[in-house]
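Please read the following explanation alongside the sequence and the coordinates. It begins with the relation between the chains and then moves to individual residues.

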Number of protein chains: 2
Amino acid sequence: MLRVVKIGGNVTDSPGLLGGFLEEFTSLESPKILVHGGGKHATRLAGRLGIENNMIDGRRITDATMLDIVIQCFTAVNKKLVAQLQALGNRAVGLSGADLNCIRAKKRIHPEVDYGYVGDIEKVNFGGIQALLDNGVVPVFCALTHDGNGQLLNTNADTIASAIAGNSDQESELIYCFEKNGVLTDENEAKSVIDVLNQTNYQTFLQSGVIHSGMKPKLDNAFEALRNGVKQVRITNYRLLDKGTEIQL
Amino acid sequence: MLRVVKIGGNVTDSPGLLGGFLEEFTSLESPKILVHGGGKHATRLAGRLGIENNMIDGRRITDATMLDIVIQCFTAVNKKLVAQLQALGNRAVGLSGADLNCIRAKKRIHPEVDYGYVGDIEKVNFGGIQALLDNGVVPVFCALTHDGNGQLLNTNADTIASAIAGNSDQESELIYCFEKNGVLTDENEAKSVIDVLNQTNYQTFLQSGVIHSGMKPKLDNAFEALRNGVKQVRITNYRLLDKGTEIQL
C-alpha cells in the first residue's frame with residue numbers, strides 16, 4: 001500500500017521532532033511519498049526582508065514578491081529534507097509539481113480576493129510518480145505546482161497530499177502528521193484524541209466548537225481524499241504509527 | 001551523445017538571454033543535462049539581509065548563514081528553470097547532488113582558509129542519472145552536493161558539470177555557455193573568439209595576459225573533463241550551436 005505522508009510546519013521547524021519523524025518515516029516500507037510546506041520559513045524570511053505577510057483564512061496572499069520568497073523557502077526545506085532522508089538510507093528525490101509535470105494547477109480566480117500566484121490543482125500525472133516508486137525512489141514534494149506555461153504556483157501542502165493519494169493507481173493511505181496526537185476534543189489535553197471522525201460527528205464537533213475552524217481545511221482535504229478512493233486517512237503525530245484520529249466518510 | 005550544458009549566471013539572470021538559451025537547449029536532442037549556479041541571486045539576497053558576501057579567488061566563503069542563502073537561491077533558480085523547460089516540452093526534473101545520492105562531496109579542508117560548507121566532489125553516482133536519461137528525463141542540476149550524512153554543500157557549478165560529463169557511462173560533450181561568444185583574445189571584441197584552446201597555447205595566453213586569470217577555474221574544469229574521457233568541450237554563448245572555443249588537451 002502506498003503511504004502519502006504530509007508533515008506539518010511545527011514538525012519540520014523543530015529539529016527534535018523532525019529527527020524523530022524522519023526515523024519513523026524511514027522505518028515505513030516503500031512505496032511512500034513525503035509532502036511538506038514551508039510557510040513558517042516564508043513568514044520569517046519575509047519579515048527579515050521587511051515584506052508584509054498577508055493571510056486570509058489561513059491562506060497566503062502570494063504576489064510576485066511573496067512567490068519568490070515562497071519558492072526559495074519551500075525548495076530549500078525540500079532539499080534539506082532530501083539530504084537528511086538520504087543519510088538515513090532513503091532513495092529520496094525532491095520535487096515540485098513542475099518536475100516531470102507531476103502536478104499541474106491553474107492560478108486561482110476568486111470573485112473578491114486576489115490570491116496572486118496561488119494554484120488550484122487541475123491534474124496529478126501519477127505516471128511519472130509511479131515510475132519513480134517502481135524504482136524504489138521516495139518522492140518528496142514541496143507545496144509548489146505549475147501552470148504548464150512556465151509559472152510556479154503556491155499550493156497548500158495538505159491539498160497536494162490529498163490529491164496525490166487520491167490520484168494514485170494503487171491502494172493508498174494518507175497520513176497528516178503534525179505536532180499533536182490527533183484531532184483533540186480539548187487542545188490542552190494531549191490524550192483527548194478523537195478516535196474516529198466521520199462527516200456526522202464532525203458537524204456536531206464543529207457546531208459545538210470542539211473542533212476549531214482552523215482544522216476545517218485539513219479535514220476537508222481528508223474527506224476529499226476518501227471520496228477519491230483513498231483507503232485510509234489519519235491525522236496523527238510525528239510518530240506515524242500512533243493511530244491518531246482516523247477519518248471516515 | 002550525452003550533452004552536459006552549464007549555463008552561466010549572466011545568462012540565467014537576463015530574461016532575454018535566458019529565453020533564447022532555453023529555446024536552443026530545448027532544440028538539442030536528448031540525452032541532455034543542464035547545470036546552473038545562482039551566485040548572483042545569493043549575493044543579492046545576502047545584501048538585502050545585510051549579510052556580507054566573502055569571496056576568495058571567486059569562491060564563496062559559505063558559513064552556515066550563507067549556506068542557507070545559497071540553498072534558497074540555487075534551489076529557487078532550479079525549480080523556476082524546470083517550470084520553464086516543462087513549458088517548452090522538456091521532461092525536466094530539478095536535482096541537487098543529494099537527490100538520488102547523485103553527487104557526494106566532502107567538506108573542503110584547507111590549511112589556511114575556512115571555506116565553510118563548500119564541498120569537493122568525491123563521487124558521481126551516474127546510475128541514477130542514467131535511469132532518468134533512459135526515461136527521456138532532462139535532469140537539471142543546481143550547484144549543491146551532499147556529504148551523505150545529511151549536510152548539503154555548496155559546490156561550483158562548472159565543477160559539477162565537468163564531473164557529471166566525466167563520469168558518464170556514454171560518450172559526452174561538455175558545453176560551458178555564458179554571455180560571450182567564447183574565450184576572447186580581446187574582451188571588448190565579440191568576434192575575437194579563440195577557435196581552439198589547448199594546454200600549450202593556453203599557457204602562452206595566460207602568461208601574456210590575453211586570458212584573464214578569472215577564466216582559469218573554468219578552463220581547469222574543461223581540461224579535467226577531457227582527461228576524464230569527455231569527447232568534446234566547448235565554451236560558447238547562449239546559442240549553444242555556435243561553435244565558440246573548443247578546448248583540447
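**Two chains and their architecture**

In this predicted model, a turn of 180° together with a shift of 0.0 Å along the axis lays chain B on chain A with an RMSD of 0.0 Å. This is the relation of a two-fold axis. In general terms, a rotation about an axis and a shift along it relate two copies of a chain. Among the residues of chain B, B:Gln72 comes closest to the rotation axis, its C-alpha lying at 2.3 Å. Of the interface residues of chain B, 100% are also interface residues in chain A, so the copies meet through the same surface.

Turning to a single chain, chain A is built with 8 helices and 14 strands. Its radius of gyration is 17 Å, close to the 18 Å that the globule rule gives for 249 residues, so chain A is as compact as a globular protein of that length. The C-alpha trace of chain A spans about 45 × 45 × 35 Å along its principal axes, and 53% of the 249 residues of the chain count as buried. When contacts in chain A with a separation of 6 or more are considered, 68% of them are accounted for by residues 24 or more positions apart. The accessible surface of chain A comes to about 10100 Å², and 44% of that surface belongs to carbon and sulfur atoms.

The largest nonpolar core has 157 residues, and of these A:Phe21 and B:Phe21 touch the most other members. If neighbours within four places in sequence are left aside, B:Phe21 is in contact with B:Val5, B:Ile7, B:Val11, B:Leu34, B:Cys177, B:Tyr238 and B:Leu240.

Two threonines can be followed next, one in each chain. A:Thr236 has its place in strand E13 of chain A, which covers residues 232-236, and A:Thr236 counts as buried because its relative accessibility is 0%, where buried means under 20%. Beyond its neighbours within four places in sequence, A:Thr236 has contacts that include A:Ile175, A:Tyr176, A:Cys177 and A:Phe178, as well as A:Asp242, A:Lys243 and A:Gly244. By contrast with these contacts, A:Gly47 is 30 Å from A:Thr236, C-alpha to C-alpha, with their positions 189 residues apart in sequence.

B:Thr245 is placed in strand E14 of chain B, residues 245-247, and B:Thr245 is likewise buried, with a relative accessible area of 0%. A polar atom of the side chain of B:Thr245 lies 2.8 Å from the backbone nitrogen of B:Val183. B:Val183 is also one of the contacts of B:Thr245 outside its neighbours within four places in sequence, a list that further includes B:Asn181, B:Gly182, B:Val193, B:Ile194 and B:Val233.

What, then, is the relative accessible area of B:Gln207, and is this residue buried or exposed? B:Gln207 is found in helix H7 of chain B, residues 199-208, and with a relative accessible area of 68% the residue is exposed, since that term applies over 50%. B:Gln207 and B:Gln151 are 56 residues apart in sequence, and their C-alpha atoms are 40 Å apart in space. At the start of H7(B), a side-chain oxygen of B:Asn198 reaches to within 3.0 Å of the backbone nitrogen of B:Thr200, while just after H7(B) the residue B:Gly209 takes a positive phi of about 80°.

Technical notes: Residues are numbered from 1 along each chain as its sequence is written. Chains are lettered from A and ligands numbered from 1 in the order in which they are written. This is a predicted model: local features need pLDDT of at least 70, side-chain atom pairs count only at pLDDT 80 or more; totals for chains, interfaces and linings use all residues. Side-chain values use heavy atoms; hydrogens and water are left out. Helices (H or I, at least four residues) and strands (E, at least two) are DSSP runs, numbered from the N terminus. Buried means under 20% relative accessible area, exposed over 50%, partly exposed in between (1.4 Å probe, protein chains only). Contact means heavy atoms within 4.5 Å. A polar contact is a pair of N or O atoms within 3.5 Å; within protein, one must be able to donate a hydrogen and the other to accept it, and residues adjacent in sequence count only if both atoms are side-chain atoms. Copies are superposed by least squares on the C-alpha atoms of residues with pLDDT of at least 70 in both. A nonpolar core is a set of buried Ala, Val, Leu, Ile, Met, Phe, Trp, Tyr and Cys residues joined through side-chain atoms within 4.5 Å. The radius of gyration is taken over C-alpha atoms; the globule rule is 2.2 Å times the number of residues to the power 0.38. Accessible areas come from the Shrake-Rupley method with a 1.4 Å probe; for residues, only the protein chains shown count as cover.
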